[in-house]
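Fancy a bit of practice at reading a structure? Work through the exercises below with the model in view, and try each task before you look at its solution.

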Amino acid sequence: MTPFNKQEQMIAVASRFLEDGAMAAVGTGAPCAAAMLAQKMHAPNLVMMFEAGGVAPVLPTMPISVGDSRTYYKGLLASTMREVMACVARGMVDYCFLGGAQIDAYGNLNSTQIGGDWEHPKVRLPGSGGANDLGSHCWKILVLTPHDKRRFVEKLDFLTTPGYLTGPGARERAGLPAGSGPYKVITDLCVMDYDPDTCRMRVEALHPGVTLEQVHENTGFELAVREDLDRTKLPTEEELRRLRTEVDPMGYIIGRG
Amino acid sequence: MKILQEGLGPLFTDPDPDHARAFFRTKPRAVTNKLMTVAEAVERFVHDGDYIASGGFGGVRIATAVLHEILRRGRKNLGFSGHTATHDNQILSAGECFDRCDIAYIIGLEARGLSPQCRRHMESGKVKICEWTNAGLYWRYQAAALGVPFIPGRSGLGTDTGKYSGCRTVECPYTGKPVALFPALYPDVAMIHVHEADVFGNARFSGIGIADATLARAAKRVILTTEKIIPNEDIRQDPSLTKIPWFTVDAVCEVPYGSYPGNMPYLYYSDEEHLRAWLNSERDPVEHQKFVDKYIRNTKDFNEYLQLCGGIERMLELEHMERLIPSPPASTDAEETY
């Protein structure tokens, strides 16, 4: 078995959730690497969209900006933010990848501020960017994030991007599109999905060598566990080879693992 | 329509299309030569207190020379549309040029990290804020460009982002479901960098458009910088390529490498080394001001800045990077560069 790092594992696991023919709104970094890996493994017709307007590129290198020219290199469409956000709004985008400083049990995300109040935050963060737009409209939200207690919190300091809000039916009551919302959370410890009855996060599969206790210790809210709790499949030789030689040969993303 | 929620964030601009129409009624439509220097354009069209919007995408196809000139001239108390504002925001925050900000994305520099100077400025207590999203700010430009007071959308619903925005959430008269209304945003000035324009302000750009075609129509005044001036005959040869028309534009400035250190699609890639040096300088506020003095306040114009940043040799390297032309093999002789 080839040794691998946490970042490589997260990217490999995330890539397996993206099926051929789907459309995915991605950003820079690990989500972009996961989408590229999926294209090279099992989903050659997965379409990558970038919120600034780039659609279906053949990425020559990792983009540094969601708007840089790599995001439509040999692409099918160099469009506008309106084009991409309108696709998202009318229900044509299957997946998006999001992250944040904090996430709660319902998959709500905070990327706006930590501590203080809104006008006087202790730490001001970037804000929504396109995250709220994607999280409000995409059918399935994937979150890629390191797993620790500071991130997985009982209560967010600010709810930037909607997950399931307060639970079943809350998105629809708020006016968000029915049937859209959080799908999976992939961390360096495990994969989580959401209980359809409660809309709360639950552990679906543990990464190799990780215990449930470890997951609970690193989670700041009560986390359910699926009855059919599984083990994450190791990154395959093929996944690692393509990730290292074709997706991120310079190690910009996987090098940080 | 029943109002379900009123956003707590302030509106920094007037969304009334009739007030905007009164302005647009007087905006010149004549096809006149608007070629001028960046210094003249900023002197004439950007005033203390104006609300400004930067085209492009933070570090992609930005009108860097105009942003520099705003800083160099010490413009203050501006309003700023923070629509994925990255390097543009770094320039304006270095001069503490704005005191109110519609936020979609600030402080963050995408894959490059977070800007300490933008954070200091935003946490100083001197900047009034209102929360939006990238699409939300786009819909606001779109409403303005269409001459309507708002555009309905579903971003922000159910979240603090919506609660602290200036949106009103109403019951949709057709579906009965909650829907957010994004009020028109008419910036006083937009600065947009393009590949080609004629002297009248008919402009073309390549690659993604981000929000620029809409922003140009929403803004009351537009300062255009262009990589090169092309003859009007070229525009007339194929008017389908005109993405920004003359009647939206007030100033045309010829600024080669005008998006530097940002990316310009198909021409040059972003200068990550310079952007890293800029970011590093921000860690200490005093050192940062020295850096900004050196590169901006003490340079007389954008060309002098380009010279300081490595001039044509560096620009060629960035051109090669953009076109994915491989670097020459490393020389074994340290003295010898190609």
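**Exercise 1: a strand and its neighbours**

In this predicted model, find what pairs with strand β11 (residues 181-186) of chain A.

Solution, step by step:

- Start with strand β10 (residues 140-144) of chain A: 5 bridges tie β10(A) to β11(A), and the two run parallel.
- Pick out a pair to check by eye: Lys140(A) has Gly181(A) of β11(A) as its bridge partner.
- Now turn to strand β12 (residues 190-194) of chain A, which is joined to β11(A) by 2 bridges, this time antiparallel.
- Here, Ile186(A) is partnered by Val191(A) in β12(A).
- Follow the chain from β11(A) to β12(A), and you'll go through a hairpin of 3 residues.

**Exercise 2: covered or open?**

Work out how many residues of β11(A) are buried.

Solution: Count a residue as buried when 20 or more other C-beta atoms lie within 10 Å of its own. On that count, 5 of the 6 residues in β11(A) are buried, so the strand is mostly covered.

**Exercise 3: two helices across chains**

Describe how helix α3 (residues 81-89) of chain A meets helix α6 (residues 134-146) of chain B.

Solution, step by step:

- Look at the axes: those of α3(A) and α6(B) come within 10 Å and cross at roughly 115°.
- Next, get the hand: α3(A) passes α6(B) in a left-handed crossing.
- Then list who touches: α3(A) brings Met81(A), Arg82(A) and Met85(A), while α6(B) brings Asn134(B), Ala135(B) and Tyr138(B).
- Finally, sort them by class: the contact has 4 nonpolar residues, 1 polar and 1 charged.

Note on methods:
Residues are numbered from 1 along each chain as its sequence is written. Chains are lettered from A and ligands numbered from 1 in the order in which they are written. This is a predicted model: local features need pLDDT of at least 70, side-chain atom pairs count only at pLDDT 80 or more; totals for chains, interfaces and linings use all residues. Axes are lines fitted to C-alpha atoms, for helices over the stretch in contact, and angles run from 0 to 180 degrees between N-to-C directions. Helices (H or I, at least four residues) and strands (E, at least two) are DSSP runs, numbered from the N terminus. A crossing is left-handed if the near helix is turned anticlockwise from the far one by less than a right angle, and right-handed if clockwise. Two residues are in contact if their C-beta atoms, placed from the backbone, lie within 7 Å. Ala, Val, Leu, Ile, Met, Phe, Trp, Tyr, Cys and Pro count as nonpolar, Asp, Glu, Lys and Arg as charged, and the others, Gly among them, as polar. A residue is buried if 20 or more other C-beta atoms lie within 10 Å of its own, exposed if 12 or fewer, and partly exposed in between; C-beta atoms are placed from the backbone. Two strands pair if DSSP finds at least two bridges between them.
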